[in-house]
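I opened a fresh notebook page for this one. Here is what I looked up, in the order that made sense to me.

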Amino acid sequence: MTLDPAVTVIIIVVLAIIAISVFLSFFPIMLWISALASGVRVGIITLVAMRLRRVVPSRIVNPLIKATKAGLGLTINQLESHFLAGGNVDRVVNSLIAAQRANIELEFERAAAIDLAGRDVLQAVQMSVNPRVIETPTVAAVAKNGIEVKVKARVTVRANIERLVGGAGEETIIARVGEGIVTTVGSSESHKDVLENPDLISRTVLGKGLDAGTAFEILSIDIADVDVGKNIGAHLQTEQAEADKRIAQAKAEERRAMAVAQEQEMKARVIEMRALVVESESQVPLAMAEALKQGKIGVLDYMNFKNIEADTSMRNSIGKGDGTEKEDGR
């Protein structure tokens with residue numbers, strides 16, 4: 001079966017396009033021509049080898065062209081090794097170019113190390129040229145006279161390229177500045193000293209060398225705002241007095257409870273004594289009956305005893321009646 005010549009031509013064209021596409025995917029001719037036109041000597045075999053190593057040639061060649069035009073003298077092996085390590089080749093090359101224009105000494109190895117450490121090396125170079133201002137949150141401190149002072153500061157920092165790898169970040173700077181503010185205000189005799197000379201905080205904090213071990217260099221510390229807060233000393237004294245009062249009340253309540261308990265105990269003892277008296281008194285009639293029975297006392301003696309007992313009872317009743325009348329009279 002013979003094919004139509006037109007169909008044959010279409011099939012040949014399609015196959016040719018597929019073959020050219022496959023060829024250009026492994027042999028980036030246009031990228032190779034661009035490199036040669038820019039003065040970068042790179043072999044077509046090297047570009048094919050990058051494909052086989054799963055490296056995108058454009059991400060290596062284009063930064064290499066920029067580096068060559070800037071006169072950095074980088075090699076394709078340096079850029080490819082950094083790419084394989086997971087770094088951003090284009091950002092590293094841009095940072096090297098920016099550092100060269102700003103007369104900042106920065107080598108490729110250090111820039112690559114900073115990039116692999118997770119820091120933006122280009123931003124660090126830009127911060128070295130254009131310092132950054134970090135505003136601290138409001139820091140509350142208490143002077144020796146007990147008055148609270150609220151301070152807000154602005155810290156001007158510049159990136160330290162030498163300490164970017166392993167250096168502490170902005171959070172450490174903010175924490176150290178806050179600590180210095182608290183120390184300075186706390187050592188002041190009065191809050192008025194801080195209000196009169198806010199630059200005292202700047203000088204004291206700046207003289208502590210707070211940028212040691214950080215990725216930044218502190219250029220200046222400026223006090224943006226100083227406000228007077230609460231009288232913490234008086235508040236603490238009031239709370240202490242209230243606590244002392246509650247302690248005294250608890251002790252007094254304890255003594256009152258002990259007194260009530262002792263009173264109840266004494267009442268119980270009185271009742272117990274009265275029971276003993278009643279018990280003893282209950283033995284008297286028995287003893288009298290026994291004495292009459294045995295003839296030790298006579299009937300007249302017994303009547304005299306009853307008369308005396310009745311007289312005593314009457315006297316007691318009269319005495320109680322007089323006391324009642326006197327109480328009513330009052």
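**Entry 1: a strand pair.** I started at Glu135, which is partly exposed because its relative accessibility is 42%. A note to keep in mind as I go: this is a predicted model. Which residue does Glu135 form a salt bridge with? I found Arg154, with the closest N and O atoms 3.7 Å apart. This pair links distant parts of the chain, since Glu135 sits in strand E1 (residues 132–135) and Arg154 in strand E3 (residues 147–159), 19 residues apart. Arg154 is partly exposed too, at a relative accessible area of 37%.

**Entry 2: stepping back.** Next I wanted the overall picture. I noted 13 helices and four strands in the protein chain. The chain has 330 residues, and 26% of them count as buried. I also looked at contacts between residues at least 6 apart in sequence: 67% of these join residues at least 24 apart.

**Entry 3: more salt bridges.** How many salt bridges does the structure hold? I wrote down 14. As a reminder to myself, side chains of opposite charge can pair when their charged atoms come close.

I picked Asp90 and Lys66 to look at, and their closest N and O atoms are 2.6 Å apart. Asp90 belongs to helix H6 (residues 89–101) and Lys66 to helix H4 (residues 58–70), so this salt bridge ties together parts that are 24 residues apart in sequence. Are the two partners buried, or partly exposed? Asp90 counts as partly exposed, at 32% relative accessibility. Lys66 is partly exposed as well, with a relative accessible area of 31%.

**Entry 4: a pair within one helix.** I then turned to Lys245 and Glu242, whose salt bridge has its closest N and O atoms 3.4 Å apart. Both lie in helix H12, and because they are three residues apart there, about one helical turn separates them. Lys245 is partly exposed, with 41% relative accessible area, and Glu242 is partly exposed at 34%. The pairing goes further: salt bridges with shared partners join Glu242, Lys245 and Arg246 into one network.

**Entry 5: the buried face of H11.** Which residues are buried in helix H11 (residues 199–206)? My list reads Ile201, Ser202 and Val205. Looking down the axis of H11, I see these buried residues within an arc of 100 degrees, so they line one face of the helix. What do they pack against? The answer is E3, helix H9 (170–186), helix H10 (191–196) and strand E4 (216–231). I was pleased to meet E3 again, the strand that holds Arg154.

**Entry 6: the largest pocket.** I finished with the largest pocket, which holds about 170 Å³ of space. Its lining is made of Glu281, Val284, Pro285, Met288, Ala289, Tyr302, Phe305, Lys306 and Glu309. Where do these residues come from? Helix H12 (232–294) and helix H13 (299–329) each supply at least two of them. H12 gives the most, with five residues. By type, the lining divides into six nonpolar residues, three charged ones and no polar ones.

**Left on the page.** H12 turned up twice in my notes, with the Lys245 and Glu242 pair and again in the pocket lining.

Technical notes. Residues are numbered from 1 along each chain as its sequence is written. This is a predicted model: local features need pLDDT of at least 70, side-chain atom pairs count only at pLDDT 80 or more; totals for chains, interfaces and linings use all residues. Side-chain values use heavy atoms; hydrogens and water are left out. On a 1 Å grid over the protein atoms alone, a cavity is a set of points where a 1.4 Å probe fits but cannot get out, and a pocket is an open set with protein on both sides within 12 Å along at least five of seven lines; lining residues have an atom within 4 Å of a point. Grid points are joined across faces, edges and corners, and a volume is the space filled by probe spheres set on the points. Helices (H or I, at least four residues) and strands (E, at least two) are DSSP runs, numbered from the N terminus. Ala, Val, Leu, Ile, Met, Phe, Trp, Tyr, Cys and Pro count as nonpolar, Asp, Glu, Lys and Arg as charged, and the others, Gly among them, as polar. A salt bridge is a side-chain nitrogen of Lys or Arg within 4 Å of a carboxyl oxygen of Asp or Glu. Buried means under 20% relative accessible area, exposed over 50%, partly exposed in between (1.4 Å probe, protein chains only). The arc is that of the directions from the helix axis to the C-beta atoms. Contact means heavy atoms within 4.5 Å.
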